[in-house]
Amino acid sequence: MFLGRISSYHHALLLISFLVVSTAISSSLSWGVINVKNKFAGRQRSLFDFKDHDTRRHLSLLAAAVDLPLGGSSRPGGLGLYYAKIGIGTPSKDYYVQVDTGTDLMWVNCIQCKECPTRSSLGIDLTLYNVEDSATGKLVSCDQEFCYEFKGGPLPGCTANLSCTYLEIYGDGSSTAGYFVKDVLLYDRVSGDLKTSSANGSVIFGCGAIQSGNLDSSNEEALDGILGFGKSNSSMISQLASSGKVEKMFAHCLDGVNGGGIFAIGHVVQPKVNMTPLVSNQPHYNVNMTAVQVGHDFLNLTIDLFEQGDQKGTIIDSGTTLAYLPEMIYEQLLSKILSQHPNLKPQTVHDDYTCFQYSESLDEGFPNVTFHFENSLIMKVYPHEYLFAFVSMFSYKNLEPD
């Protein structure tokens, strides 16, 4: 989550939508863990960076009534938040990939790629995958079942010696193209005594040979690829589940302040995780939000506010930094929050953001906001988590450094 840090001087606070620290996505004898890091940890980013990232991110997501983030990542090149180090191949080599619940495909940059990034400002070493360097690496041919399913049927002119290729085009025009390979993926497994040990499973993933737009070498915050946690059979979690390595479920707990967190694959026994069901027949991970509470009062909302055509529920997307609400919900929420301070003079900044002057304690001066979900699951957001410190060009001299 993003904190508005308050100095002892007056300055503008920007009211933003709400951010999630941790949430369980769904419901083994053991479960896998992927440690993640935050790309913004220890670095100052403005609200405009986050909004710009989300605008590009939402070009690749279908419209939905509400979009709540879990604090994760997005496409490489899109100011993604979280990335993880995974091992691939035999012998294993390390690859840094963005973890994304909003996409299905796992891919890493490959040795044939001429425009792939070779350096990153994140302080990590980038590695190009070479199937010939791995004793367990194999090319996936176009006549294999995985390719049939991914392509939606047999390919014309396919023969056993032809590779299964892919092309992924994102909403901002960036693209990745290459071919599929199968190799061993290494991850940590947690047993009943909460100790971790190394585990592995064979997965099929994309070998990126041609990158364009924000995915090529012009991206300063580059990573090796993306790890899709989506719902389709081609995602990493679906493949591990189909081979019996894990159950097809995961939870993640992400820290947007200090950076880092974990993705737990499979059934988490301890600590106890509260669950809310997924909305069926939706392309993304959608859940049912049932109410919004401000302090002790509930907003006057109807179920249809959370539906747009065939899209139902609230998208839980690790690639979105802020939370987005329908206008009717947002306006009620804003009005109720500000009603306790009738003397405030809110102003609109940059045609988008509601700002006001305030210098007292946020948590004492404003109400908590609680989101209610199906199965009595609640998520409480405190004022210091939904109010963002904003410094205008006219007031920066009045602020103390944090």
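Residues 1-30 of this predicted model have pLDDT (the predictor's confidence in each residue, from 0 to 100) under 50 throughout. The model nevertheless gives this stretch 127 contacts beyond four places in sequence, a contact being heavy atoms within 4.5 Å. Residues 58-79 are also below 50 in pLDDT, with 123 contacts beyond near neighbours in sequence. Where pLDDT is low, the predicted coordinates should not be read in detail.

**Confidence and conventions**
- Mean pLDDT for the chain is 74, and 68% of its residues reach 70 or more.
- Among the elements, strand 2 (residues 22-24) has the lowest mean pLDDT, 33, and strand 8 (residues 138-139) the highest, 96.
- Local features need pLDDT of at least 70 and side-chain atom pairs count only at pLDDT 80 or more, while totals for chains, interfaces and linings use all residues. Residues are numbered from 1 along each chain as its sequence is written, and side-chain values use heavy atoms, with hydrogens and water left out.

**Overall architecture**
- The chain contains 6 helices and 25 strands, taken as DSSP runs numbered from the N terminus (helices: H or I, at least four residues; strands: E, at least two).
- Of the 402 residues, 52% are buried, that is, under 20% relative accessible area with a 1.4 Å probe, protein chains only.
- The accessible surface (Shrake-Rupley method, 1.4 Å probe) is about 18,700 Å², and carbon and sulfur atoms account for 50% of that surface.

**Nonpolar cores**
- A nonpolar core is a set of buried Ala, Val, Leu, Ile, Met, Phe, Trp, Tyr and Cys residues joined through side-chain atoms within 4.5 Å. The largest has 28 residues, of which Ile88, Met106, Tyr129 and Met236 touch the most other members.
- Two or more residues of this core come from each of strand 5 (82-88), strand 6 (93-100), strand 10 (175-190), strand 11 (196-212) and helix 3 (236-242).
- Another core, apart from the largest, has 27 residues, including Met289, Ile329, Val369 and Tyr386.

**Helix 4**
- Helix 4 (residues 327-338) has 12 residues and spans 16 Å from first to last C-alpha, close to the 16 Å expected at 1.5 Å a residue, the expected span being 1.5 Å times one less than the number of residues.
- Ile329, Leu333, Leu334, Ile337 and Leu338 are its buried residues. They fall within an arc of 145° seen down the axis, so they line one face of helix 4; the arc is that of the directions from the helix axis to the C-beta atoms.

**His372**
- His372 belongs to strand 23 (residues 369-373) and is buried, at 17% relative accessible area.
- Val292 is 80 residues from His372 in sequence, yet their C-alpha atoms are 6.1 Å apart.
- Beyond four places in sequence, the residues that His372 touches include Asn288, Met289, Phe298 and Ile378.

Definitions and conventions: Buried means under 20% relative accessible area, exposed over 50%, partly exposed in between (1.4 Å probe, protein chains only).
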